[in-house]
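Here are a few exercises to work through with the structure open beside you. Try each task before reading its solution.

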2 protein chains.
Amino acid sequence: MSKQKPQSSDAFVTEITPQSTDFSRWYLDIVRKAELADYSPVKGCMVIRPYGYAIWELIQQQLDQRFKATGHVNAYFPLFVPESLLLKEADHVEGFAPQVAWVTKGGTEELDERLAIRPTSETIIGVMYQKWIQSWRDLPVLINQWANVVRWEKVTRPFLRTTEFLWQEGHTAHETEAEAEEETRKILALYKEFAENVLAMPVVDGQKSSSEKFAGASRTYSIEALMGDGRALQAGTSHNLGQNFAKAFEIQFQGRDKTLQHVWTTSWGVSTRLIGGVIMTHGDDSGLILPPRVAPWQVVIVPIPRGNWQETVLPKCQEIRDQLTAAGIRVRLDADESQTPGWKFAEYEMRGVPLRLEIGPKDIEKASVFAARRDTRAKQSIPMEGLPAAITALLDEIQVNLLARARQFREEHTSTTDSYEEFQRIMEGRPGFVIAPWCESDACEAAIKAETQATIRNIPFGSAPPTAPCLKCGQPATVSAWFAKSY
Amino acid sequence: MSKQKPQSSDAFVTEITPQSTDFSRWYLDIVRKAELADYSPVKGCMVIRPYGYAIWELIQQQLDQRFKATGHVNAYFPLFVPESLLLKEADHVEGFAPQVAWVTKGGTEELDERLAIRPTSETIIGVMYQKWIQSWRDLPVLINQWANVVRWEKVTRPFLRTTEFLWQEGHTAHETEAEAEEETRKILALYKEFAENVLAMPVVDGQKSSSEKFAGASRTYSIEALMGDGRALQAGTSHNLGQNFAKAFEIQFQGRDKTLQHVWTTSWGVSTRLIGGVIMTHGDDSGLILPPRVAPWQVVIVPIPRGNWQETVLPKCQEIRDQLTAAGIRVRLDADESQTPGWKFAEYEMRGVPLRLEIGPKDIEKASVFAARRDTRAKQSIPMEGLPAAITALLDEIQVNLLARARQFREEHTSTTDSYEEFQRIMEGRPGFVIAPWCESDACEAAIKAETQATIRNIPFGSAPPTAPCLKCGQPATVSAWFAKSY
């Protein structure tokens, strides 16, 4: 990985806008300085740099493993969707058409029919499922695709909202409505488990309001996380598409009872947006803080260059690097002589490396290493004897602590109110989630959004029905909705 | 994976056109029947089905491992290339412009500047390298990208030539010409080792003629394989781009001597075309033959349903599946009662599974399994005791045998001639490679192609200079070129 180093080793990493000054600038500073992504010459499109892409690879591997363990397989469908296909499901085209990039020319010829660059692939996949599915014996079809998609966005922000982004999209077809619903919920649970155990990002899982559901879906479920500035981030969605796409694309099968029936389909996805979520859940004014399970380097070893360190300290550092690597730990040894240890400490803190090991002549005398945690900044000496096991345990502890800390932050930033005045007051600051009673009318939802910028993130599973009336209209409320300002 | 099964278990897999009747139809039959790929509603674009995509995942994993072991990292660059960027390198635009798909509209707005969908990414990456590289300390930059690309093709064939395809493209920048040349050759050697050891596909490595080199390159190297019909397949290319792109994109760095210099760049790629190469290198009239290292299922277990097999045979099959899986072998147990063992034998032969294990009551009595190899069709009994080690060894043997067999086929289909008449005669049948002296003039190369359809595949490294004159013009020849009809 290429690093642009300041010429002087005294030029420590600075120039990160404090979160309290401007959270949004802080975010952009981190993205740029940690070399996660960069702006490209194409409006709204980013370049994912090697350090950022390494995080994405870890996300991909750990999600893909989970998809396969639940019986899903990967495939690849075309980037292009002919316009006539996009038009087949009425709600779907209404939702996506305004955001589509259109190919009108191929080589030297004008196309007879223009091609949409996929904003999502329900339509092109629907055509194929119509060909592949004939009998109940062909079901379920459980396919996932890792791909790029394009949505023409007016306002973009690296990872969070870009014209092109990377994602996975699952598309499944089932024999019965119950099986499709089970799949939709199973994937949402998988996303929640992944977000919490891998990204250390606690999420609220529940159902989207009807105005926020996916264009063409019967029901949309989501996981919602809370960022450091009190705004919510929709981190993943799972859609029960009912028979809407099956009817639009005539995906029919002969049932066990020999009758011809439409399949029941689902779709679900998470994207590179998750990287934005990790940054804003854990980061601080010194930079990124990465949960060990998605850290490209879980441990950085910094040799302390005293005396004849290259004959004494350096070989020991190399030996320890090899030991830790053999134990499955991702390690970077930075023996670059053109930078001071101080510069390196700041650099790897900024890059969010969970654990730093400092090794100098004195540590070697004591047969120990000096360890500094990125999350708590706690420091301790650890004996070299049995180091891999100790480091593995410490990384697990950091992983658990980051989740606990984020969960506590969310609890401290979640309020409950029945009063619209109080609701408005909360939404003026750094609000977090506000749980409030809602009558499920689109009108109340829209009015609240217009007046406070807060949207309903979701209605969590299993939340008790409210006793108070609707926050906005005073009519009887049917659900307790989670509101927040959001990305 | 969804299978479309015939209703009757007597309907064995048939309907594969014999290779000798029509190799091209044989190929398309295999692609369709083995469910590797399917035609999509978008002209020239295919759908890679789960079984085909699983092969691609195995290719990706094993290549990516090799790239990382040689110091490369992955990143992701935008799908779109603004037209003005594509125009910057003169040879490059001349080579690619006729094949570009153009986006002219985003959402509801006409674009001021149209966007090419990347046919390859030298240009968009060049812009970023210009930003990222300042000093010799930033070099080398060793980045790879896994991505989709689009080239508007008139005639397409699944895997071999499609409008959209998946590939990896490496893009590196170096301080000196020698380092760039070393990288270009190192990657070609990596491709050759991968093709031979993983795909069991022997390849000839060498330099492309100047008319066949990459648009914008100083030198192009390739690996060339020989397919079962005697046509060559270009399986991978590695380009030394000199300072051509560095100058077009002003990628400059301050050298060790403090002077401002242009970097030296390379690019290299292999694609889903490799899957086509595997099919046509190994397949036969019964279907696909997959080398174990890229077989989604290396072993299929078919229980023989006799007597109370579900209480006796089936549990043993499951136990063996679990044993083999634990040993790192990819196993499928097909206990589906709606199909006969005979149907399954044909089905998995057609899908190219390297090894079939049949287990019935008699095998259990003898504490052995009955194994059938796909490559040689040899059958043998193997004791259950120590089965995982025996199967691992057998898979290795199959892997080695497939390479040896393909190498022998290539040797039998490679001729050497100094006579143009003989050359023309050979090219009329199923020709294979023909090694012949060439004067390195474009005119002779073009005339030979026009008259025989044969092109120069490459000039292999280290081949002895010819003593005879140029095959075509009779002037002194400088190199021994490898000719073939090609895909």
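**Exercise 1. Strand pairing in chain A**

Work out how strand 11 and strand 14 of chain A are joined, and in which direction they run.

*Solution.* Keep in mind that this is a predicted model. Start with strand 11 (residues 232-240) and strand 14 (residues 264-271) of chain A: four bridges join them, and the two run antiparallel. Next, pick out a facing pair: Asn240(A) sits opposite Thr266(A) of strand 14. Now zoom out to the sheet, which is open and has eleven strands in the order 3-7-8-14-11-10-9-22-23-21-20, with mixed pairing. Finally, look for the edges: strand 3 (73-74) and strand 20 (414-416) of chain A each pair on one side only.

**Exercise 2. Leu403(A)**

Is Leu403(A) buried or exposed?

*Solution.* First, place the residue: Leu403(A) belongs to helix 12 (residues 387-412) of chain A. Then count: 21 other C-beta atoms lie within 10 Å of Leu403(A). The cut-off for buried is 20 or more, so Leu403(A) is buried. Who does Leu403(A) touch, once neighbours within four places in sequence are set aside? The contacts are Glu196(A), Ala200(A) and Pro202(A). For a longer reach, take Thr272(A): it is 131 residues from Leu403(A) in sequence, and the C-alpha atoms are 20 Å apart.

**Exercise 3. How the copies are related**

Find the operation that puts chain B on chain A.

*Solution.* Superposing chain B on chain A takes a rotation of 180 degrees with 0.0 Å of shift along the axis, and the RMSD comes out at 0.0 Å. That makes the relation a two-fold axis. Which residue of chain B comes closest to the rotation axis? That's Val103(B), with its C-alpha at 2.1 Å.

**Exercise 4. The contact between the chains**

Describe what each chain brings to the contact, and which strands pair across it.

*Solution.* Begin with the head count: 52 residues come from chain B and 52 residues from chain A. On the chain B side, strand 5 (residues 101-106) gives the largest share, six residues. Sorted by type, that side of chain B has 33 nonpolar, eleven polar and eight charged residues. Then compare the two sides: 100% of the interface residues of chain B are also interface residues in chain A, so the copies meet through the same surface. Last, the strands: five bridges join strand 5 of chain A to strand 5 of chain B, and they run antiparallel. One facing pair to look up is Ala101(A) with Gly106(B).

Conventions. Residues numbered from 1 in each chain as written. Chains lettered and ligands numbered in written order. Predicted model: local features only at pLDDT ≥ 70, side-chain atom pairs only at ≥ 80, totals over all residues. Contact = placed C-beta atoms within 7 Å. Nonpolar A, V, L, I, M, F, W, Y, C, P; charged D, E, K, R; others polar. Pairing = 2+ DSSP bridges. Buried ≥ 20, exposed ≤ 12 C-beta atoms within 10 Å, placed from the backbone. Least-squares fit on C-alpha atoms with pLDDT ≥ 70 in both.
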